[in-house]
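Biologist: Could you walk me through this model, one question at a time? I will ask, and you can reason from the atoms.

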Amino acid sequence: QVQLVESGGGLVQAGGSLRLSCAASGRTFSNIAMGWFRQAPGKEREFVAAITWNGGNIRYADSVKGRFTIFRDNARNPVYLQMNSLKREDTAVYYCAASTGGTIWATAFDNWGQGTQVTVSS
């Protein structure tokens with residue numbers, strides 16, 4: 001079982017930046033792929049970004065390409081989501097997720113954090 005804790009959410013003006021962090025603990029974490037999802041009120045959970053255990057493969061949702069960056073430190077923990085040029089449509093609860101199988105397809109994630117609120121004002 002992998003435990004995930006997100007941090008870094010808050011209120012930011014449109015065009016600004018925010019960095020989210022996800023701290024993970026659990027068995028064989030170094031081999032686990034990590035990702036970020038988000039969910040706005042009344043909407044389904046949406047894939048945002050994902051990265052393999054060694055950073056060799058990265059995926060982004062089309063809506064955030066060129067603005068968001070997912071990366072890990074040298075120890076592969078924590079994982080970060082750097083969000084630049086934020087838009088009001090980015091407002092959501094952001095969830096960190098882990099894929100214990102190591103793949104980064106959206107359906108492969110099977111462990112979830114509690115979420116952190118990101119609000120973008122316009």
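What follows is a friendly exchange about the disulfide, the core, the sheet and the charged pairs.

Biologist: Before we start, what kind of model is this, and how are residues numbered?

Modeller: Residues are numbered from 1 along each chain as its sequence is written, and side-chain values use heavy atoms, with hydrogens and water left out. Local features need pLDDT of at least 70, side-chain atom pairs count only at pLDDT 80 or more, and totals for chains, interfaces and linings use all residues, since this is a predicted model.

Biologist: Which residues does the disulfide join?

Modeller: The structure holds 1 disulfide, the term being used for a pair of cysteine sulfur atoms within 2.5 Å. Its S to S distance is 1.9 Å. The residues joined are Cys 22 and Cys 96.

Biologist: How many residues apart in sequence are the parts that this pair ties together?

Modeller: Strands here are DSSP runs of E with at least two residues, numbered from the N terminus. Cys 22 lies in strand β3 (residues 18-26), while Cys 96 belongs to strand β9 (residues 92-99). The pair therefore ties together parts whose separation in sequence is 74 residues.

Biologist: Is the disulfide of Cys 22 and Cys 96 left-handed or right-handed?

Modeller: The handedness follows from the torsion about the S-S bond. That torsion is about -80° for Cys 22 and Cys 96, so the disulfide is left-handed.

Biologist: Is Cys 96 buried or exposed?

Modeller: Buried means under 20% relative accessible area, exposed means over 50%, and partly exposed lies in between (1.4 Å probe, protein chains only). Cys 22 has a relative accessible area of 0% and is buried. Cys 96 has 0% relative accessibility, so Cys 96 counts as buried.

Biologist: Which residues touch the most other members of the largest nonpolar core?

Modeller: A nonpolar core is a set of buried Ala, Val, Leu, Ile, Met, Phe, Trp, Tyr and Cys residues joined through side-chain atoms within 4.5 Å. The largest one has 35 residues, and the elements giving two or more residues to this core include β1 (2-7), β4 (33-39) and β8 (79-83). The residues that touch the most other members are Met 34, Trp 36, Leu 81, Met 83 and Tyr 94.

Biologist: Which strands are at the edges of the open sheet?

Modeller: Two strands pair if DSSP finds at least two bridges between them. The open sheet has 4 strands in the order β1-β3-β8-β7, with antiparallel pairing. Each edge strand pairs on one side only, and these strands are β1 and β7.

Biologist: Which residue in β8 stands opposite Cys 22?

Modeller: The antiparallel pairing of β3 with β8 runs over 5 bridges. β1 and β3 also pair in the antiparallel sense, over 6 bridges, and there Ser 7 has Ser 21 in β3 as its bridge partner. Opposite Cys 22, in β8, stands Val 79.

Biologist: Which residues form the covered face of β1?

Modeller: In a regular strand the side chains alternate between the two faces of the sheet. In β1, the uncovered face has Gln 3, Val 5 and Ser 7. The covered face is Val 2, Leu 4 and Glu 6.

Biologist: How many residues apart in sequence are the parts tied together by Arg 38 and Asp 90?

Modeller: The side chains of Arg 38 and Asp 90 meet in a salt bridge (2.9 Å, N to O), a term for a side-chain nitrogen of Lys or Arg within 4 Å of a carboxyl oxygen of Asp or Glu. Arg 38 lies in strand β4 and Asp 90 in the loop between β8 and β9, so the parts that the pair ties together have a sequence separation of 52 residues.

Biologist: Is Glu 46 buried, partly exposed or exposed?

Modeller: Glu 46 meets Arg 38 in a salt bridge (2.9 Å, N to O). Arg 38 is buried at 5% relative accessibility. Glu 46 has 31% relative accessibility, so Glu 46 counts as partly exposed.

Biologist: Which residues are linked in a network of salt bridges?

Modeller: The count of salt bridges comes to 4. One of them joins the side chains of Lys 65 and Asp 62 (3.0 Å, N to O). The network links Arg 38, Glu 46, Arg 67 and Asp 90.
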